[in-house]
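Welcome, and thanks for opening your viewer. Load the model, switch to a cartoon view, and let's walk through it one selection at a time.

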Amino acid sequence: AVEFGLSKQTTALLSPTLILPLGIIVPIAAAKIWHGSPLQQFMTAYKFRVTLVPILDVLMLLAVRSFHSSSDASSRSLFWAAVIASTGLQTIVNSLQFNAQMTFFAHRVDPAIGGSYMTLLNTAANLGGTWPSSFVMYLVGQLTVPPDCTLDETSGVEVCIGGRDAYFPLQLTFCVLGCLWIYIMRERVQHIAELPDDAWRTHLDDDDDDEADGTAMDAEHAN
């Protein structure tokens with residue numbers, strides 16, 4: 001957004017006025033709506049992430065570009081509406097998915113190994129959510145073609161022609177891939193959500209109990 005002309009001051013202003021309040025309110029509301037169904041909450045947020053969020057993001061970037069080419073009242077209203085809608089929905093889906101992830105892990109963690117199990121699950125989830133960002137930024141840099149700019153000797157104005165911004169085709173491509181993932185994996189996700197808590201247990205406590213029972217029986221026979 002900054003490359004399209006959105007100032008860093010505006011970006012910084014969104015954090016305390018929009019992102020922070022939503023980050024507090026959304027988990028509270030989610031607990032009331034999807035109580036006990038974290039994966040359903042996750043999938044609902046993911047559907048918005050791969051459909052409405054990209055659309056609003058593209059509209060926001062186009063509104064930023066339009067605002068800098070025209071500063072009338074309608075452009076200003078469109079600019080702020082697009083920025084708030086895009087940032088707000090992005091914050092909501094991020095909060096919903098993170099909250100669902102932590103709730104699911106907390107419910108499935110094995111008490112026998114406690115924090116180690118939770119750390120393993122969070123590490124895998126964080127890794128899966130981190131590397132795609134670097135990969136996508138690499139693709140944007142590789143596939144973007146800068147425009148050809150020349151200086152018009154008559155007017156003294158720089159004229160740029162050609163070029164290709166890879167952001168928009170990549171956004172469309174990953175939206176389609178996200179929708180395909182939902183179609184293919186939704187039944188698998190539902191199956192995982194319906195697994196009993198015992199399916200996530202390591203049963204280390206059972207082995208300890210069996211050893212204790214065996215020791216007690218040996219002691220009784222010895223007596």
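Start at the second largest pocket, where α2 gives the most to the lining, with 6 residues. Keep in mind as you look around that this is a predicted model. The pocket holds about 270 Å³ of space. Show its lining as sticks: there are 15 residues, and those nearest the centre are Leu 39, Gln 40, Val 189, Gln 190 and Ala 193. Colour α2, α4 and α6 as well, since these are the elements that give two or more residues to the lining.

Stay with α2 and select the helix by itself. How far apart are its end C-alpha atoms? They are 16 Å apart, which agrees with the 16 Å that 12 residues should span at 1.5 Å a residue. Now pick out its buried residues: Pro 38, Leu 39, Gln 41, Met 43, Ala 45 and Tyr 46. One piece of background helps when you look down the axis: an α-helix has 3.6 residues a turn, so residues three or four places apart point the same way.

Zoom out for the whole fold. The protein chain contains 7 helices and 2 strands, and reading along the sequence gives the pattern α-α-α-α-α-β-β-α-α. Of its 223 residues, 26% count as buried. If you like contact maps, plot one here: among contacts with a separation of 6 or more, 67% join residues 24 or more positions apart.

Next, select the largest nonpolar core. Which of its 13 residues touch the most other members? They are Phe 104, Phe 105, Tyr 117 and Ile 182. Helices α2 (38-49), α4 (73-108), α5 (115-143) and α6 (167-194) each supply at least two residues of this core. Centre the view on Tyr 117 and list its contacts; leaving out residues up to four places away in sequence, Tyr 117 touches Arg 108, Val 109, Asp 110 and Trp 200. Apart from this core lies another, made of 10 residues, including Val 26, Ala 45, Val 53 and Leu 89. Ala 45 is a handy landmark here, as you have already met this residue among the buried ones of α2.

Move along to Gln 101, found in helix α4. Is this side chain's residue buried or exposed? Gln 101 has a relative accessible area of 17%, so it is buried, the cut-off being under 20%. Its contacts, not counting residues up to four places away in sequence, are Asn 122, Ala 125 and Asn 126.

Val 64 is the next stop, in helix α3 (residues 52-69). With 0% relative accessibility, Val 64 counts as buried. Draw a distance from Val 64 to Phe 79: the two are 15 residues apart in sequence, and their C-alpha atoms are 5.9 Å apart in space.

Finish with the cysteines. How many disulfides does the structure hold? The number is 0. Select Cys 175 and Cys 179 to see why: the sulfur of Cys 175 has its closest cysteine sulfur in Cys 179, 6.7 Å away, which is too far for a bond. A disulfide would need the two sulfur atoms within 2.5 Å. Colour both residues by accessibility before you leave: Cys 175 counts as buried at 15%, while Cys 179 counts as partly exposed at 37%.

Key. Residues are numbered from 1 along each chain as its sequence is written. This is a predicted model: local features need pLDDT of at least 70, side-chain atom pairs count only at pLDDT 80 or more; totals for chains, interfaces and linings use all residues. Side-chain values use heavy atoms; hydrogens and water are left out. Buried means under 20% relative accessible area, exposed over 50%, partly exposed in between (1.4 Å probe, protein chains only). A nonpolar core is a set of buried Ala, Val, Leu, Ile, Met, Phe, Trp, Tyr and Cys residues joined through side-chain atoms within 4.5 Å. Helices (H or I, at least four residues) and strands (E, at least two) are DSSP runs, numbered from the N terminus. Contact means heavy atoms within 4.5 Å. The expected span of a helix is 1.5 Å times one less than its number of residues. On a 1 Å grid over the protein atoms alone, a cavity is a set of points where a 1.4 Å probe fits but cannot get out, and a pocket is an open set with protein on both sides within 12 Å along at least five of seven lines; lining residues have an atom within 4 Å of a point. Grid points are joined across faces, edges and corners, and a volume is the space filled by probe spheres set on the points.
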